[in-house]
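Here are a few exercises to work through with the model open. Try each one yourself before you read the solution.

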Amino acid sequence: MEWYSIIEHTFPITLRVGDFVLDNYSVTNYGINDLATGFHIKQLLEDLEKENNQLVDLIISVGQKEATSIRDYELLLKIKAILEYQDYIQFLNSEESKVVLKKFYCLLDNQDIEAELIKRKIIKFINIHSIKIFTDADYDIKSETLKLCIAYTGGIKVWNEIIETADDFLMMYKFDDLYKVIHSTELKSKLINKILFPLKLRAYEKQIEISIRIKNAFKEIYLKFLEEIVLFLESKEFINASNIGQVKLMKDILGSRILGLHGEIKIKKRLESAEKILDDSLQNNRLQIEATSKEYSDLESVCRNFKEKFYYLTYMEFFPLYQLMQYESEEKGLLDFISYMNGINHEKYGKASFSLKFNQFKMQMVVNTMYLMATYKDSFWEELIIYAEEIQDFTGLSAFLKDDLTKIKKLFNDQEYFLASLYMTLLIERILRELYLKLTYDVAGIFKEASFTLGEMLNFTSSPEINKLRLLFSKEELETIEYFLTNKEYGMNLRNRLAHYNINSEEVDITHFSIIMHIFIFILVKIDYQGLAFDNEKPHLDVMG
């Protein structure tokens, strides 16, 4: 029997079913543009097509009883998200799926299960059990709860308890919103003190940002925080930090210009000493790179030409590295049950096992690229320019790569890593724009007239019919490039941070440049090896022989 054939059925309030059917759903509605939303709507359709009615039964059962436990509350949050998916029905391509979902929501509506009811139940549970939520619930529930407290601020009566028990890192990244909705000066002061003290090595940038935000309204707290910064430099946490971490923190503090002349003089003296230690350690950097890149160095040393060196830099066992980076095991590891990596609330990038694997790949691509540049120096650049011009001629791009790469080479050799990285991201953006124009309209050389953004071109959720770059790059490959260049939620967002100067120039080093260079080389290799979108007859790189 189809689930929607029981629309007229009346469900008793006492009905209880196994709540495991909601385990595959999220407590958060990530929005129409997030892959997770599509996954959950697909899951919803699959569950509704099953012969049993457990999902429908459970939603109605939860909606008809009072929440008394964290598990009950979690189910309410998931049902809230499911109800919100109703707004996305119009975006579905399948008419059949639209019909199924409309009948499902009609059934819930007939049983008085609607968004306002769930909202009231959520607010009531928060006001009674806020301490329990922020003490015992998992990160996802805490994060969603804080977001809802901000959204439902008029109904929240327990801000004092929330500030006392909520994770300070969680509140830190919701600070602007919290500051707006909390009107009591006493509660604002409590919130600021909770976030700013003590200073933390892994949060000091955000803490400094917040201190500047409140310095006029809460001057006494601001001055106390300046003292905290100076004291932190004598703390055990700072002394035990890595040399690179110490240098970065002191440079960031100087860059913020909040300590005044006397404080800056004190820090500059310590910074000079720390930088001397760092410079000495960097003298051995080449040896460290070679040791870490041994597998790649052994492989590239037997390559017949530079094209193969570039290929093995971006492919692993004949498979694109950027696809491997996105591979996600369906099984959860132990780490995934413990915490989200770096506080990232995302179904994939927040999962510890995925994040560790992704970062291992990222580190490997950095050190391998650094190794290739350091080993071949001028030859690397000469071969790169030759390769780029070949791709340029083949694809019909306008002639700009040789001149631009020559300028970038000079900046790189002068160790102007900020400018070299910025120039390199702009070069990538231009080549992607011209590729997009060529694949979409079969035209080249009208770069100045192109109004679409890099973010639009890297939209990995679009089909090849909408985003023609998908004819050349897989979804996973665009997703990886998007992570590095434009993703500001959980990615590195390098293009925007560099272009808008949202990163201190001294923070940008050879590792940033190596990531961007790797992306550029990957684009060239991808066109050369799999550029069927341009010419089916093109002879591709022979990596087998």
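**Exercise 1.** By about how much of the helix are Glu429 and Arg433 separated in α22?

*Solution.* This is a predicted model, where local features need pLDDT of at least 70 and side-chain atom pairs count only at pLDDT 80 or more, while totals for chains, interfaces and linings use all residues. Residues are numbered from 1 along each chain as its sequence is written, and side-chain values use heavy atoms, leaving out hydrogens and water.

- Start with the helix: Glu429 and Arg433 sit four residues apart in α22 (residues 417-441), so about one helical turn separates them. Helices here are DSSP runs of H or I with at least four residues, strands are runs of E with at least two, and both are numbered from the N terminus.
- Next, look at the side chains: Glu429 and Arg433 meet in a salt bridge (3.0 Å, N to O). That term needs a side-chain nitrogen of Lys or Arg within 4 Å of a carboxyl oxygen of Asp or Glu.
- Finally, check burial: Glu429 is buried at 6% relative accessible area, and Arg433 counts as buried at 10%. Buried means under 20%, exposed over 50%, and partly exposed in between, with a 1.4 Å probe and protein chains only.

**Exercise 2.** Which residues are joined with Arg71 and Glu74 into one network of salt bridges?

*Solution.*

- Shared partners link Asp23, Arg71, Glu74 and Lys78.
- Within that network, the side chains of Arg71 and Glu74 form a salt bridge of 3.0 Å, N to O.
- Arg71 and Glu74 are three residues apart in helix α3 (residues 70-84), so about one helical turn lies between them.
- Arg71 is partly exposed at 25% relative accessibility, whereas Glu74 is buried at 16%.

**Exercise 3.** Is Glu300, the salt-bridge partner of Lys309, buried or exposed?

*Solution.*

- Find the pair: the closest N and O atoms of Glu300 and Lys309 are 2.7 Å apart.
- Read off the accessibility: Glu300 is buried, with a relative accessible area of 1%.
- Do the partner too: Lys309 is at 7%, which counts as buried.
- For the wider picture, the structure holds 26 salt bridges.

**Exercise 4.** Where is pLDDT under 50?

*Solution.*

- pLDDT is the predictor's confidence in each residue, from 0 to 100.
- The protein chain averages 82, and 82% of the residues score at least 70.
- Residues 1-17 stay under 50, and residues 536-545 are also below 50.
- Where pLDDT is low, the predicted coordinates should not be read in detail.

Definitions and conventions. Contact = heavy atoms within 4.5 Å.
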